[in-house]
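Subject: Structure for you to look at

Dear colleague,

Here is the structure I promised to pass on. My notes follow below it.

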Amino acid sequence: MTLAKTLEDLHRLINRQWAQDSARLGISHSEFEYLRAIKAHESDRTCQDEDGQHLQDVVTAMGIRKASASAMVAKLELRGLVARIPCRYDARAQHILLTEKGREALGRGEEIYEAAAKTLRSQTGGQGFSMLAAVLEVEGSSR
């Protein structure tokens with residue numbers, strides 16, 4: 001099997017897992033990606049402020065258009081998954097922060113990847129899974 005075929009199979013497995021579990025978990029893959037990007041950069045300090053990142057930071061991290069990010073952040077805010085607070089140094093900007101509900105939703109999304117890893121382990125066997133994890137140099141691959 002080629003690396004490209006293996007990656008395709010992994011992608012298919014994860015997509016299938018999201019399709020099965022996203023409604024039950026109450027978070028779409030797109031929402032998960034935004035929450036992940038916000039969390040990954042939540043310790044960023046912009047404008048010498050201690051409150052997190054701006055919308056442009058999300059745009060840059062995800063490689064998306066600002067209008068798309070703005071619409072999704074508004075949706076996430078309406079669902080109570082993120083909060084926006086004004087920047088003290090730039091009246092035009094707001095900081096985007098995960099709420100506790102957003103952290104919980106992010107955790108539920110991570111469960112989908114955990115389930116996919118378990119499925120992959122059962123399909124490849126322990127040794128095959130260990131070999132794949134070693135090749136990918138994944139920490140905590142015993143999950």
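The expected span of a helix is 1.5 Å times one less than its number of residues. This is a predicted model, and helix H4 (residues 66-78) fits that rule: it has 13 residues and reaches 18 Å from its first C-alpha to its last, close to the expected 18 Å.

First, the chain as a whole. The protein chain contains 5 helices and 2 strands, arranged along the sequence as α-α-α-α-β-β-α. It has 143 residues, and 29% of them count as buried. Taking contacts between residues at least 6 apart in sequence, 54% join residues at least 24 apart. The chain exposes about 8700 Å², with carbon and sulfur atoms supplying 54% of that area.

Back to H4. Which residues of H4 are buried? They are Ala-69, Met-72, Val-73 and Leu-76. These residues lie on the same side of H4 because they cover an arc of only 100 degrees around the axis. As for their partners, the buried residues of H4 pack against two helices, H2 (29-40) and H3 (55-62), and against two strands, S1 (82-86) and S2 (94-98).

The face of H4 turned away from the buried side carries Ala-67 and Leu-78, both exposed. After H4 comes Gly-80, which has a positive phi, near 80 degrees.

Regards

Definitions and conventions:
Residues numbered from 1 in each chain as written. Predicted model: local features only at pLDDT ≥ 70, side-chain atom pairs only at ≥ 80, totals over all residues. Heavy atoms only, no water. Helix = DSSP H or I, 4+ residues; strand = E, 2+ residues; numbered from the N terminus. Buried < 20%, exposed > 50% of the residue type's maximum accessible area, 1.4 Å probe, protein only. Arc of directions from axis to C-beta. Contact = heavy atoms within 4.5 Å. Areas by Shrake-Rupley, 256 points an atom, 1.4 Å probe, with all protein chains shown as cover.
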